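Q: I have just opened this one and do not know my way around yet. Could you walk me through it?

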Amino acid sequence: LINLNLMANAIIGGEISDAVPRAIDAGFRIYMLPQGIFSVAISTVLFPQLARMAVRHDLEGIERTCAQGLKFIALMLLPATAAILALAHPMVELVYQRGAFTADSTDLVAVGLFWFAFSLPFSGVNLLLTRTFFSLKQPWTVTALAVGNLIVNVGVSLLLLPWGIKGVVIGTVVADVAMAAGQFYFLRRALGGRLRIGGMTGPLLKMLIATVVCGAVAYGVWLGLDSALGAGIFAQIIAVGVALSAAGAAYVGIVLGLRVDEAHQLVAMARRRPS
């Protein structure tokens, strides 16, 4: 159904221009990189634990594990979202702009990528909640919600078609937010009223503070280096690479300084890894 959403975006985007479907696909490929690295990995690791708890009817354990997984996904995907929002254009320029892929192509793809970024955390949440439904042997609930996600995506994209590629991608964002809300509601019912978010509020607020700083650092460092180094390919690699590194360091420093438990847990796990 994710691929059907992408196909729907391409068909609807084709009503705008022949270039829009290709631009959506190009932006989606960059958008999926942090999704594949972080949320897929976290969901894959937690899925067997959730399944074992479901067999034991340990609903409290499922709630606890799912809530922790959601915080880990937020910890990873929020700075990725900030980085994409801040550096959508230079990222696209670095990855794609050569040969027949012109500056105009970069501008179009960057708009799509910028708006895709808003759906990144919700897409990660959806993946983990979907795995949780699977562990409970309730695949049809989440499948029905995914069909609803497709309908919302198409409806909003058609409604916002006059906005161009931005309107098509916003349809995906709205659909992912609706999907996350629907999954959370039905999963909470499946867990007997559990899956409370009260314990997530404090860590999420701290992560959001760090995320804002992350985005500001990414853009500021890139802007300074881009002005100083110029537009060559190696200059772009340095500017984008150093900006992402500086933003990542700032984010890590803030979440550790604000004592976000999940960040300290990751540091502890990294230190325990055998060399």
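The chat below goes through charged pairs, cysteines and a surface patch.

Q: Before we start, what kind of model is this?
A: This is a predicted model, so please read everything that follows as computed from that prediction.

Q: OK, how many salt bridges are there?
A: The count comes to three salt bridges. As background, side chains of opposite charge can pair when their charged atoms come close.

Q: Which residue does R22 pair with?
A: The side chain of R22 meets that of D25 in a salt bridge, with 3.4 Å from N to O. The two are three residues apart in helix α2, which covers residues 19-55, and so they are separated by about one helical turn.

Q: And what about R29, which residue does that one bridge to?
A: R29 forms a salt bridge with D25, and here the closest N and O atoms are 2.9 Å apart. Both residues lie in helix α2, four residues apart, which is again about one turn of the helix.

Q: Are those two arginines buried or exposed?
A: R22 is partly exposed, with a relative accessible area of 47%, while R29 counts as exposed at 54% relative accessibility, because the cut-off for exposed is over 50%.

Q: Where does the remaining bridge sit, the one with E262 and K71?
A: E262 and K71 form a salt bridge whose closest N and O atoms are 3.4 Å apart. E262 lies in helix α10 (residues 261-272) and K71 in helix α3 (residues 59-96), so the pair ties together parts that are 191 residues apart in sequence. Both E262 and K71 are buried.

Q: Which residues end up in one network?
A: Salt bridges that share partners join R22, D25 and R29 into one network.

Q: Switching topic, how many disulfides are there?
A: The count comes to zero disulfides. In general, a disulfide is a covalent bond between the sulfur atoms of two cysteines.

Q: Is C66 buried or exposed, and how about C214?
A: C66 is buried, with a relative accessible area of 1%, and C214 also counts as buried, at 2% relative accessibility.

Q: Last thing, which residues form the nonpolar patch on the surface?
A: The patch is formed by L1, L4, M7, I11, V147 and I151, which together have about 540 Å² of accessible area. The elements that give two or more residues to this patch are α1 (2-13) and α6 (139-159), and the largest share, three residues, comes from α1.

Q: Where is L1, then?
A: L1 is found in the segment before α1, and L1 is partly exposed, with a relative accessible area of 40%.

Technical notes: Residues are numbered from 1 along each chain as its sequence is written. This is a predicted model: local features need pLDDT of at least 70, side-chain atom pairs count only at pLDDT 80 or more; totals for chains, interfaces and linings use all residues. Side-chain values use heavy atoms; hydrogens and water are left out. Patches are made of residues with over 30% relative accessible area and no salt bridge: like charges are joined within 9 Å, nonpolar side chains (Val, Leu, Ile, Met, Phe, Trp, Tyr) within 5 Å. Accessible areas come from the Shrake-Rupley method with a 1.4 Å probe; for residues, only the protein chains shown count as cover. A salt bridge is a side-chain nitrogen of Lys or Arg within 4 Å of a carboxyl oxygen of Asp or Glu. Buried means under 20% relative accessible area, exposed over 50%, partly exposed in between (1.4 Å probe, protein chains only). A disulfide is a pair of cysteine sulfur atoms within 2.5 Å.
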